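Subject: The structure we talked about

Hi,

Here is the structure I promised to hand over. Have a look at it first, and then read on for what turned up.

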Amino acid sequence: MTEAPEEQEESLFEAPPMAEQERMVEAILFATAEPITTRELEARMPHGCDAAEALVYLRKRYEGRGVQVMKVGDAWAIRTAADLGFLMQKETVETRKLSRAAIETLAIIAYHQPVTRAEIEEIRGVSVSRGTVDQLLELEWIRFGRRKMTPGRPVTFVVTQSFLDHFGLENARDLPGLKELRAAGLLENRPPPGTLPGPETDVEDESEEGQSELFED
């Protein structure tokens with residue numbers, strides 16, 4: 001007679017079947033963004049549950065599936081299978097408009113490479129800000145070239161493979177002519193510093209004639 005109350009008390013705290021505990025752990029992991037420990041799992045489950053054992057069965061059930069039960073430190077989480085991680089990546093195209101100064105600086109480097117900052121400023125007729133050069137370097141359209149063998153050994157700039165690839169060019173020789181650049185608004189119709197305004201053709205011919213020497217191998 002005295003054992004009956006104890007048996008009744010034990011039945012009140014009887015743990016759910018392991019299959020049900022497995023479902024509970026699965027539900028908690030799906031609903032929790034951050035990894036959760038077995039102790040935290042058991043705190044949410046009915047008295048007497050064994051979260052660690054339930055995890056063993058659940059982990060085995062998810063083997064080879066698109067998502068897996070993974071141990072993260074001392075905690076557990078449901079995560080995308082490692083070999084399918086590439087499906088979760090999303091590529092976005094960010095449109096960035098170059099400033100007028102950046103366009104002109106890029107054009108000068110492309111046509112006069114290797115060219116120093118001082119030479120760029122002389123051609124443009126205005127100083128080149130550090131931000132303009134940094135923007136082109138960040139885009140990986142220009143890079144540092146060899147230092148020039150002149151007093152001070154100034155660094156030069158040249159266009160990169162990324163620049164050629166972006167514009168569909170095989171090499172710098174495939175760059176459009178000055179007329180095309182001016183028509184596209186990439187260069188202004190102004191004579192080089194230190195020269196007198198003359199016929200349009202004279203300025204272009206002189207520039208294009210010197211261009212072949214700039215790109216000699």
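A quick word on naming before anything else: helices and strands here are DSSP runs, a helix having at least four residues and a strand at least two, and they are numbered from the N terminus. Keep in mind too that this is a predicted model.

With that naming, M18 belongs to helix α2. It makes a handy place to start. Leaving out residues up to four places away in sequence, M18 touches D50, E53, A54 and Y57. Take Y57 from that list: M18 and Y57 are 39 residues apart in sequence, yet their C-alpha atoms are 8.9 Å apart in space.

Now for the sheet that goes with this part. Three strands make an open, antiparallel sheet, in the order β1-β3-β2. At its edges are β1 (36-37) and β2 (67-72), each pairing on one side only. Between β1 and β3 there are 2 bridges, and the two strands run antiparallel; I36 has W76 in β3 as its bridge partner. On the other side, β2 pairs with β3 (residues 75-80) over 6 bridges, again in the antiparallel sense. Two of the places to look along that pairing are M70, whose bridge partner in β3 is A77, and V72, which stands opposite A75 in β3. β2 and β3 form a hairpin with 2 residues between them, and G73 in the turn has a positive phi of about 65 degrees.

If you are tracing side chains along these strands, remember that in a regular strand they alternate between the two faces of the sheet.

Which helices lie across these strands? Helix α2 (residues 18-31), the one with M18, lies across β1, β2 and β3 and runs at about 70 degrees to β3. Helix α4 (residues 51-61) lies across β2 and β3, at about 140 degrees to β2.

Further along the chain there is another sheet. It is also open and antiparallel, with 3 strands in the order β4-β6-β5. Here the edge strands are β4 (115-116) and β5 (142-144), and each of them pairs on one side only. β4 and β6 (residues 156-159) pair in the antiparallel sense over 2 bridges, with T116 standing opposite T156 in β6. Helix α7 (residues 130-138) lies across β5 and β6, running at about 105 degrees to β5.

On to the aromatic residues. The structure holds 2 aromatic pairs. In one of them, the ring centres of W141 and F163 are 6.4 Å apart and the planes are at 70 degrees, so this pair is edge-to-face. It links distant parts of the chain: W141 is in the loop between α7 and β5, while F163 is in helix α8 (residues 161-166), 22 residues apart. Both partners are buried: W141 has a relative accessible area of 12%, and F163 comes in at 5%.

The other pair is F144 and F157, which is tilted, at 5.4 Å centre to centre with 40 degrees between the planes. This one also links distant parts of the chain, with F144 in strand β5 and F157 in strand β6, 13 residues apart. Is each partner buried or exposed? F157 is buried, because its relative accessible area of 3% falls under the 20% cut-off. F144, at 49%, is partly exposed.

Last, the nonpolar cores. The largest has 21 residues, and those with the most contacts inside it are L106, I109, I120, I142, F163 and L175. So F163, which you met in the edge-to-face pair, turns up here as well. α5 (100-112), α7, β6 and α8 each supply at least two residues of this core, and the largest share, 6 residues, comes from α5. For a closer look, try L106: leaving aside neighbours within four places in sequence, L106 is in contact with L98, L136, W141, I142 and F163. Apart from this core lies another one, of 15 residues, among them V25, I28, A51 and W76. W76 is the residue named earlier as the bridge partner of I36.

Over to you, and happy browsing!

Best wishes

Note on methods: Residues numbered from 1 in each chain as written. Predicted model: local features only at pLDDT ≥ 70, side-chain atom pairs only at ≥ 80, totals over all residues. Heavy atoms only, no water. Pairing = 2+ DSSP bridges. Contact = heavy atoms within 4.5 Å. Axes fitted to C-alpha atoms, helices over the stretch in contact; angles between N-to-C directions. Phe/Tyr/Trp six-rings, centres within 6.5 Å; stacked < 30°, edge-to-face > 60°. Buried < 20%, exposed > 50% of the residue type's maximum accessible area, 1.4 Å probe, protein only. Core = buried A, V, L, I, M, F, W, Y, C linked by side-chain atoms within 4.5 Å.
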